[in-house]
Amino acid sequence: MTTPLLTYLRSTVQTDQISVSDFMKTALSHPEFGYYSTRQAIGKSGDFITAPEVSQLFGEMLAGLLLHIWQLYNKPDSCLFEAGPGRGTLLADIDRTYSRLAPDLAKSDWYLLEASPALQDQQTATLPQRTVRHISTLSDLPKQPLFGIANEFFDALGVDQAIYKNGAWHHRMIDIATDELSFSIGPKLTLEQLKTFQAPGTAKPDDIIETSPVGLHLMQSLSTHIAYHGGALIICDYGKTDNHGDTLQAVKDHKAIPVLSAPGESDLTHWVDFDALSTVAKNAGARLIGPVPQGQCLRQLGIEARASQLRQPDNPAADRALIAALDRLLSPAQMGQAFKIALLVPQGDGTPPGFLDATAPMRTGEMS
Ligand code: SAH
């Protein structure tokens with residue numbers, strides 16, 4: 001299918017093949033043709049629903065966790081942060097929670113990392129009473145403790161793939177010259193690239209491994225910030241703790257579709273490699289706690305007690321909707337197990353609520 005995004009790509013890219021990460025970046029985030037700039041992607045009338053769109057309970061629990069850590073630090077002057085805030089629903093839930101429980105923290109400025117100009121406007125409109133600054137690089141963050149969240153952000157960043165063919169790892173590319181987009185085999189990985197991909201020495205033909213250069217770069221900046229200035233960042237995403245397998249997926253109208261079938265008109269994500277994020281955090285002097293399954297984390301944070309407070313026995317429809325939303329967040333068959341939550345904090349060894357059974361994942365043989 002030829003889409004405006006594809007026409008743009010063909011007119012600007014001089015080669016027939018582009019990397020998976022370049023394709024994802026343009027398809028999702030190009031300010032004019034990208035998916036997030038041209039469509040109302042998130043929500044019931046969009047293509048997919050995220051946890052904050054399921055229920056206010058999600059934002060309230062995570063705001064409570066950040067607030068708890070802020071209090072443990074003796075309530076320092078801080079900046080608030082969100083990466084990829086989408087429609088701003090989570091921003092509103094967090095702001096409401098801080099306003100009620102920690103008005104001093106609520107008064108802090110918000111720093112938002114958001115590629116889509118249309119979503120930037122929506123996010124600013126969500127918090128008319130606050131100072132909201134959109135930044136294009138993390139070096140624009142003030143040198144203060146940061147309390148923030150990245151929900152379904154890392155999975156939307158470009159991922160690169162390598163495929164094992166003829167006894168060697170090759171770049172997996174996307175052929176944009178043909179009518180139907182298809183995957184193709186690129187050059188062999190250099191020694192440096194084998195290292196970046198953490199490529200295993202032996203593999204089976206057609207095995208695929210992944211790495212997200214932008215994701216790791218942003219993680220490094222956030223980890224360095226938190227290691228030096230303090231704070232905490234919650235990272236929530238569909239993810240796992242290795243880099244094996246092809247995890248790319250496309251979604252349109254709440255259904256999975258073939259990954260390359262609607263470039264610029266479908267959401268594209270990959271499963272986040274939390275192990276790789278954890279390694280970057282540790283190398284930067286910070287610590288990533290978890291990931292743990294969302295159901296376990298939200299239960300430990302007290303979501304069921306909060307849901308009981310919100311029940312509406314006099315309004316059966318609203319009450320049923322609340323129970324359904326709780327089930328959607330907690331049930332292993334829905335978002336409870338596969339969706340993961342991790343917490344980036346400075347080095348240390350305490351374990352905050354939400355992560356009581358968590359162990360920091362680490363690749364074997366790496367660092368002491
Ligand atoms: N956190 C929101 C939205 C998740 S969708 C929610 O939970 O509902 C992913 C978000 O990340 C969108 O806001 C998208 O525009 C933004 N995004 C994707 N790639 C980005 C990039 N490279 N830089 C900044 N924002 C990006």
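# Exercises on a predicted model

What covers the buried residues of helix α11 includes α10 (213–229), β10 (231–240), β14 (272–273), β15 (286–293) and β16 (339–346). Keep in mind that this is a predicted model. Let's start with that helix.

**Exercise 1.** Work out how many of the ten residues of helix α11 are buried, and which they are.

*Solution.*
- Step 1: Find the helix; α11 spans residues 274–283.
- Step 2: Apply the cut-off: a residue is buried when its relative accessible area is under 20%.
- Step 3: Count them; eight of the ten residues are buried, so by the cut-off the helix is mostly covered.
- Step 4: Name them: Phe274, Asp275, Ala276, Leu277, Ser278, Thr279, Val280 and Ala281.
- Step 5: Look at both ends. At the start of α11, a side-chain oxygen of aspartate 273 comes within 3.1 Å of the backbone nitrogen of aspartate 275. Just after the helix, glycine 285 has a positive phi of about 90°.

**Exercise 2.** Explain why cysteine 79 and cysteine 297 form no disulfide.

*Solution.*
- Step 1: Recall that a disulfide is a covalent bond between the sulfur atoms of two cysteines.
- Step 2: Take the cut-off, which asks for two sulfur atoms within 2.5 Å.
- Step 3: Check cysteine 79. The closest cysteine sulfur, in cysteine 236, is 18 Å away, so it is too far for a bond.
- Step 4: Check cysteine 297. Here the closest cysteine sulfur is again in cysteine 236, at 7.7 Å, which is also too far.
- Step 5: Compare with the total: the structure holds zero disulfides.
- Step 6: Add the surroundings. Cysteine 79 is buried at 1% relative accessibility, and cysteine 297 is buried at 0%.

**Exercise 3.** Find which residue pairs with arginine 87 in a salt bridge, and where the two partners sit.

*Solution.*
- Step 1: Remember that side chains of opposite charge can pair when their charged atoms come close.
- Step 2: Identify the partner: glutamate 53, with an N to O distance of 2.8 Å.
- Step 3: Place both residues. Arginine 87 is in the loop between β2 (79–83) and α6 (89–101), while glutamate 53 is in helix α4 (residues 51–54). They are 34 residues apart, so the salt bridge links distant parts of the chain.
- Step 4: Judge exposure; arginine 87 is partly exposed, at 30% relative accessible area.
- Step 5: Set the pair in context: the structure holds 14 salt bridges. Glu60, Asp93, Arg96 and Arg306 are joined in a network of salt bridges.

Definitions and conventions. Residues are numbered from 1 along each chain as its sequence is written. This is a predicted model: local features need pLDDT of at least 70, side-chain atom pairs count only at pLDDT 80 or more; totals for chains, interfaces and linings use all residues. Side-chain values use heavy atoms; hydrogens and water are left out. Buried means under 20% relative accessible area, exposed over 50%, partly exposed in between (1.4 Å probe, protein chains only). Helices (H or I, at least four residues) and strands (E, at least two) are DSSP runs, numbered from the N terminus. Contact means heavy atoms within 4.5 Å. A polar contact is a pair of N or O atoms within 3.5 Å; within protein, one must be able to donate a hydrogen and the other to accept it, and residues adjacent in sequence count only if both atoms are side-chain atoms. A salt bridge is a side-chain nitrogen of Lys or Arg within 4 Å of a carboxyl oxygen of Asp or Glu.
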